[in-house]
Amino acid sequence: MAGLLLKSIQRWKSSLRVGNFVNLGGLSSNLLISRSTSFFNKLPAEDIWRGVTAVSNAGKKRGRGKGTGKKIAKDLNKGQAIGIGKKTCIWPGLNAPIIRGNELLHQQKQSENIDREKNIQKIRDSMGNFKQMKINPIDRGWSGTKMPGRSIGPPDTVGEEEFTSFDTFVLENKIVFIMKGNMGRKRRYSVLSVTGNKNGLAGFALAKGPEVRTALRKSKNRAGQKLMSINLYENRTINHDFYTGFGKTKIFVSKKPDGYGLVCHRALQTICKAIGIRDLHAKIEGSTNLQHIVKAFFIGLMRQKTYQDIANESCLHIVESQMARNGYTEIKASPHMDPKNADNDRIIDFMQFTLGNKIVLRKKSVPPFYAQSMGYTKHEIKKERFRNQANVRLHKLVNNYNYNYT
Amino acid sequence: MSLFRHIRKLNALQNVRQLSSAGLKSSTLQYATDPQPQFTDAETQQLLQSMTQLQLDKVFRKRTVPDNSVHTQFMTTAQLEKEFLQTIEKAQQLLQMPPVVKIKEDTERIISKDPALKDFATTKYVFTDITFGLPQSERKVVVRDVDGTLSYATLDITKRMNQLYFPLDGRKFYTPRMFSDEQLFQRCLDEHKYEFILDRLTVQYEPYEAEFHNISAKVFEHLNESKQFDQLRSTRHFGPMAFFYAWHRCIDDLLYDMIRRDYLLNAVQLIALSYKIHKVPLDYQATLRQLEELQPSPAVKALAELRSGLRQHQAKGIENEIQTAIGKTETDFQADEISLRFIEQYIGSEHALKKVQLELAVQTLKELNLEKQQLYEGLKKAHGVQQQAS
């Protein structure tokens, strides 16, 4: 019995160390058995944390543990200092000098620090979560935090050639796999980007790399090496309407007046931004494979003719009439040869000429199914007397209700 | 309820009174006699048109329109020629001047008095002939009064009925605030929006209305002070403006502007117009005839300008190049001499008011012309161009 008690006291001492509580009162009847060994005191913190945060090698290959729920090791020592604990106390030689002036300092209790626990918890909380970098709405790409549509700056300087006034935009960023003899399925990042100086000089390139960053850099620099000069009309739009295609992708591009904007696929919008085109309409038909769209558009741009070339080819004058100038006709180009004089010569349509004899199918808008119904007709009749109301209200506001009834 | 309605009606009436009293003050310069015969005279019209000039870039300048599309097409040279003629025709149409006529007085014209119909209703009845295609002036509008009198409607009612059944684009039932509020109108003037005011005026009012005369006179007076005549050049309002100044004997500022800008032919025409209107016994017609022979009319000039675009790629003669470099030809120098003589005669007469200023302008122009002529002859000699006349 005495031996047992002794043992239990020993255990009690050790259990104190691990923070267990033993009821001494009920000593004889129920004893708590505690083991002082666990992986907590056997392994270093680094290893313990790895067990929680790391992904297995096989998992890493498959790309696991990269998403939003990624766990990060916390440094539990942060915010803690030796000599400062739950209860603040002066320990001469530990957190205070032994002698202050001529006086010997003594161990001394001080007021309790209530916020300490809270502060430590706060520091730990702030460490744990993965924080996303906030992107300025202007710098954002097509969608969320994804790369496509985002600017990645001008290509790096080559020798003394600087790419000033250039800017590069990512068009596509995706993971691609290939099979290797010794590595098996190998993962790489493929990036398609377009770079341009916003003044008719642009290039695009596709590059792959083991990391996103390397792929971006490679693609950007390669695009800078493949610049094409594109002839712009009034430095804002294309020379003329054209049709272009690549693979199963067909694009009908039309020239637009000043202030129209870019009404086209987002990739084409980004390309136009890089080139410096501000007004354009494009309709993509068929496949919307991004790489094909980019290639088709660039081919179309390169194949454009100048007005002078078209005039020489057709032996006719090219004339532009602007509605904004009350239909005033302006000669844009005259052929070098003597132009056709006879009126009975068949004169081709300019758009037909530039589109390569293709005709854009303009589908008629189908009236909604209810357009013929009795209810809708009634609604239209009821609505008719209010048809000018908005206008009248506006004029009333403008004239501040001062009508001149005479 | 009916009481409320009555009060509201009274208030509305008061508003109307306030509005009509708050209209623009009448201008100081008014046509005392009917200007129409003088204005519509063929010779006057020709002078005014020539003074207006035809700058295609100004007539067909870029405006803000809902549809600003551009139409590109192929054309043969023959088609282009036709297009040029159409362009000139269109420009001339756009430059057609709003007529200057006397103010039409409202006269009561009673058709019949039918006392039997007295108190047939509490309000007047207006009957309008809405036959399609009638011109506004011929549309019959009659009013049956409460006391049974049937009479032709006043001009005001006729205009409103016309606007009601056959609305004119841009014309409003109410007076636009810029024409009723003195401050707003003054702001328009101070910002030199002369063409805008006159365009809106032409849309809103008929040329025979008092408001038309009043507002246009105010604009022209303001223009004469700000001297921004070039704003109206090559617009439809330049002719009436020149006519207004000639009628009211205040052409000197406009004349100064014309001399300064080297539009000597126009200056001569302006003086001639003023002589013609005021019946000054001076033979201006001979000078005008001489000048017309030497210098083409604005339409011909504009057509030549259009055609010059066609022959861009063709090699130009050296004489042509010299002329474009200096901007004047031999005939221009001759014409300038004749016009300067005529202008100096005017300055010397008692009709000119700002003699010193005008003399100075003429002197500067003379010196400039002399320099140009010397340069022109020097260049010709250097390039070995023979005189065609000799």
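The S5 DRBM domain is a good place to start: in an unreviewed UniProt entry, this annotation covers residues 184-230 of chain A. Keep in mind as you look that the model is predicted. In that model, the C-alpha atoms at the two ends of residues 184-230 of chain A are 43 Å apart, and the span is 30% helix and 51% strand.

Now let us move over to chain B. Its domain assignment gives domain 1, made of 26-57 + 78-100 + 232-390, and domain 2, which is 110-153. Between the C-alpha centres of domain 1 and domain 2 of chain B there are 52 Å.

Helix packing in chain B is next, with α13(B) as our guide. Helix α13, residues 264-277 of chain B, packs with helix α14, residues 285-294 of chain B, at an angle of about 155 degrees, and their axes are 11 Å apart. Because angles over 145 degrees count as roughly antiparallel, α13(B) is roughly antiparallel to α14(B). The crossing in which α13(B) passes α14(B) is left-handed. On the α13(B) side, the contact is made by Leu265(B), Val268(B) and Ala272(B), while α14(B) brings Thr287(B), Leu288(B) and Leu291(B). Sorted by class, the residues in this contact of α13(B) with α14(B) are five nonpolar, one polar and no charged.

Helix α13(B) also meets helix α17, residues 330-348 of chain B; the two axes come within 9 Å and cross at roughly 40 degrees. The crossing of α13(B) and α17(B) is left-handed. Here α13(B) offers Leu264(B), Leu265(B), Ala267(B), Val268(B) and Ile271(B), and among their partners in α17(B) are Ala335(B), Asp336(B), Ser339(B), Phe342(B) and Tyr346(B). This contact of α13(B) with α17(B) has ten nonpolar residues, one polar and one charged.

One more helix pair rounds off the tour. Helix α16, residues 318-326 of chain B, and helix α18, residues 355-383 of chain B, pack at about 155 degrees with their axes 10 Å apart, and therefore α16(B) and α18(B) are roughly antiparallel to each other. The crossing of α16(B) and α18(B) is right-handed. If you want to pick out the residues, look for Ile318(B), Ile322(B) and Ile326(B) in α16(B), facing Lys372(B), Leu375(B), Tyr376(B), Leu379(B), Lys380(B) and His383(B) of α18(B). In the contact of α16(B) with α18(B), six residues are nonpolar, one is polar and two are charged.

Note on methods
Residues are numbered from 1 along each chain as its sequence is written. Chains are lettered from A and ligands numbered from 1 in the order in which they are written. This is a predicted model: local features need pLDDT of at least 70, side-chain atom pairs count only at pLDDT 80 or more; totals for chains, interfaces and linings use all residues. UniProt positions are given in the numbering used here, feature names are shortened, and annotations may be inferred rather than shown by experiment. Helices (H or I, at least four residues) and strands (E, at least two) are DSSP runs, numbered from the N terminus. Axes are lines fitted to C-alpha atoms, for helices over the stretch in contact, and angles run from 0 to 180 degrees between N-to-C directions. Angles under 35 degrees count as roughly parallel, over 145 as roughly antiparallel, 65 to 115 as roughly perpendicular and the rest as oblique. A crossing is left-handed if the near helix is turned anticlockwise from the far one by less than a right angle, and right-handed if clockwise. Two residues are in contact if their C-beta atoms, placed from the backbone, lie within 7 Å. Ala, Val, Leu, Ile, Met, Phe, Trp, Tyr, Cys and Pro count as nonpolar, Asp, Glu, Lys and Arg as charged, and the others, Gly among them, as polar. Domain bounds come from an automatic or database domain assignment.
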